[in-house]
Amino acid sequence: MYRVALKNEDDFAGWRKAARALALADIPPEQVEWQVGEGGDLFAGEGAGAAPPDPPEGAEFSVPRQFMTLAEDAFAHPDKHRFEMLYELLLKVRATPRAIMDVGDPLVSRLSAMALEPRLEALEKRNDKDAALAELIVEAKDCKRCPLYKDATQTVFGEGAASARLMLMGEQPGDQEDLAGRPFVGPAGQMLDRGLREAGIDRAETYVTNAVKHFRFEQRGPRRIHQKPDTSHIEACRWWFAQERVLVRPPVTVALGGSAAHALLGRKVTIGRTRGEPIPLKDGLEGWVTVHPSYLLRIPDKTKAEEEYGRFVEDLKGARKRAKELA
Ligand code: URA
């Protein structure tokens, strides 16, 4: 059994150093006991055991950046099992780097939730919610939580006041949003604006955002063709929209299309079966689901397009009415 003595609860550097040495020596998680004690000499503090054997000459490994981000964030959670959970995940990710994107893995999912919790608690306590939103925007500019940042021009964060009573949530920025750095400013945005006007909603009084904050596309010649985000992109971006939601706490959120509904409800749904009525959310607020405005732009038949647009406006009117009732 190896016993590691971390200096204190926040000794991430100590955890990292010990985890690295243990992983290099291939020590399985069940043979490591993590403690927080005085000393600070990792394997020689009070109650600490022998240091793991020296790794073979030149033994090295690296893990995806997403693991280190998750580890650092989850470290701030008070759960006493975090040290061993992170070590277990480190070994997994070293063997299979893409395991860090496997949101169906209970370890990844639990650690991701733990990473968010201290953040959300701190934001809930802030009185200056708009200032907190502004800080988030700055922080999100450097987001590398999933690989989409590599090809996108910039992070497209949500837009609006923390006092907004209605949140509108799309899928991800499109080509024009990616260039402008603002959500829903391209053709889908114009369709959304038209629907909002007709439903009597002032966009300036809403908070408009996307489930995923970077544009995912495939380059075909000069054109950038939209690609749906994967569940792993939505889950990585939960970091941002969970924080947006805690700061805005809109009584009503309208998910525009399937990806947004998936992100908001935490499960895949059929729009036709879910639209038009309030859906209670885990955070105690209310969700509504409708089609994505770009779906309306793609309907070739004029009569059908008008019909579908009418239903879209009705959904928005329903959400507006509820937001008023709950205000
Ligand atoms: N589609 C979206 O889902 N969001 C945007 O911001 C633009 C297009």
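This note comments on the domains and the ligand site of a predicted model.

1. Division of the chain. Two domains are assigned: domain 1 covers residues 2–121, and domain 2 covers residues 133–326. Their centres, taken over C-alpha atoms, are separated by 36 Å. Ten residues from domain 1 and 15 residues from domain 2 take part in the contact between them.

2. Residues around the ligand. The ligand is surrounded by Gly-170, Glu-171, Gln-172, Pro-173, Gly-174, Glu-177, Pro-183, Phe-184, Asn-210 and His-292. Sorted by class, this shell holds five polar, three nonpolar and two charged residues. A student may wish to find these positions in the structure before reading further.

3. Polar contacts with the backbone. Which atom of the ligand lies 2.9 Å from a polar backbone atom of Gln-172? It is a nitrogen atom of the ligand. For Glu-171, a polar backbone atom lies 2.8 Å from an oxygen atom of the ligand. Phe-184 likewise places a polar backbone atom 2.8 Å from a ligand oxygen atom. Phe-184 should therefore not be judged by its side chain alone: it counts as nonpolar by class, yet the atom named here belongs to its backbone.

4. Cover of the ligand. On its own, the ligand has 240 Å² of accessible area, and the protein covers 93% of this.

5. The pocket. Where does the ligand sit among the pockets of the model? The space that the ligand takes is the second largest pocket.

Key
Residues are numbered from 1 along each chain as its sequence is written. This is a predicted model: local features need pLDDT of at least 70, side-chain atom pairs count only at pLDDT 80 or more; totals for chains, interfaces and linings use all residues. Side-chain values use heavy atoms; hydrogens and water are left out. A residue is near a molecule or strand if one of its heavy atoms lies within 4 Å of it. A polar contact is a pair of N or O atoms within 3.5 Å; within protein, one must be able to donate a hydrogen and the other to accept it, and residues adjacent in sequence count only if both atoms are side-chain atoms. Accessible areas come from the Shrake-Rupley method with a 1.4 Å probe; for residues, only the protein chains shown count as cover. On a 1 Å grid over the protein atoms alone, a cavity is a set of points where a 1.4 Å probe fits but cannot get out, and a pocket is an open set with protein on both sides within 12 Å along at least five of seven lines; lining residues have an atom within 4 Å of a point. A molecule sits in a cavity or pocket if more than half of its atoms lie within 2 Å of its grid points. Domain bounds come from an automatic or database domain assignment. Contact means heavy atoms within 4.5 Å.
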